[in-house]
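Q: Please examine one part of this predicted model closely, and then set that part beside the contact between the chains.

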Amino acid sequence: MGKWGIEMIVTVQLFAGARESAGADHVQVTLEDSARFADLALVLAATAPRLEPLLKYARFAANAEYVRPEDAIDPKSEIALIPPVSGG
Amino acid sequence: MKLPPTGGELRHNGHPLNMILLTDQPIDIAPLVEQAQRPGAGAVVMFLGVTRELTDGRQTVALDYEAYPAMAEREMARLASAAGERWPLETCILVHRTGRVPPSEASVAVVVSTPHRPEAFDAARWLIDELKQSVPIWKREAWSDGATEWVHPSPEGRPE
């Protein structure tokens, strides 16, 4: 984390096995302002190691839409970790 | 089940009539089939995903489904729209159940109607395949030995 960089706090909603692993329905992490979702995955793995197995194939969503790893993060949006789905 | 008069997204006037529903109630299929009837439809295809009781010698007590509701509805609507672009759908109905689904009960219903049957089969298959890849809904297996596990398949080994 850059000592002089602007940081943002990001809240990530957790579902299913991720919620079970983390023991909470959301987790908060601090990231550099310019962080992408790929960075969020790394920080989550470091902050909540029990999430790591699910992070490998998980995607993220912002405001109920899938995002790409290279997308920028708006901390005001509703961010969710979407581990591999199993509907149907 | 009670169908909302304009549940989900309904469009008329030459466009497919789409209905998207997330419900915690048992899926009542007769109203869905009725909803799929349209003057231009000669074929109605329904797929039901049903809780299987026996898997590799293990017995399932129930599947418990959890959704990220806003996104699940949004993704299902997106799939219905995409299917309507790809096939000449008269109707496209996607219903997914949340909560506990015991063996032999349906967790998901896909109902499509088209003028002719090849497109109905193709569209229904595509819709359920896509739904299972992208809609943010997860199931937890409750086995008869008391174990429970969330199902999060990796890309290589997706269980069925």
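A: Asp71(A) is buried, because its relative accessible area of 17% falls under the 20% limit. In this predicted model, Asp71(A) is placed in the loop that runs between strand E4 (65–66) and strand E5 (79–82) of chain A. A polar atom of the Asp71(A) side chain lies 2.8 Å from the backbone nitrogen of Arg68(A). When neighbours within four places in sequence are left aside, the residues in contact with Asp71(A) are Arg36(A) and Phe37(A).

The contact between the two chains may be described next. Here 22 residues of chain A are in contact with 28 residues of chain B. About 2100 Å² is buried between chain B and chain A, and carbon and sulfur atoms give 56% of that area.

The polar side of this interface can also be itemised. Between chain B and chain A there are 2 salt bridges. One of them joins the side chains of Glu66(B) and Arg19(A), with an N to O distance of 2.7 Å. Residue pairs in polar contact between the two chains, with both residues at pLDDT 80 or more, number 19. On chain B, the side that touches chain A receives at least two residues from each of strand E4 (58–67), helix H2 (69–86), strand E7 (106–114), helix H3 (117–134) and strand E8 (137–143). Sorted by class, that side of chain B comprises 15 nonpolar, 6 polar and 7 charged residues.

How values were computed: Residues are numbered from 1 along each chain as its sequence is written. Chains are lettered from A and ligands numbered from 1 in the order in which they are written. This is a predicted model: local features need pLDDT of at least 70, side-chain atom pairs count only at pLDDT 80 or more; totals for chains, interfaces and linings use all residues. Side-chain values use heavy atoms; hydrogens and water are left out. Contact means heavy atoms within 4.5 Å. Buried area is the accessible area (1.4 Å probe) that two parts lose on being put together, summed over both. A salt bridge is a side-chain nitrogen of Lys or Arg within 4 Å of a carboxyl oxygen of Asp or Glu. A polar contact is a pair of N or O atoms within 3.5 Å; within protein, one must be able to donate a hydrogen and the other to accept it, and residues adjacent in sequence count only if both atoms are side-chain atoms. Helices (H or I, at least four residues) and strands (E, at least two) are DSSP runs, numbered from the N terminus. Ala, Val, Leu, Ile, Met, Phe, Trp, Tyr, Cys and Pro count as nonpolar, Asp, Glu, Lys and Arg as charged, and the others, Gly among them, as polar. Buried means under 20% relative accessible area, exposed over 50%, partly exposed in between (1.4 Å probe, protein chains only).
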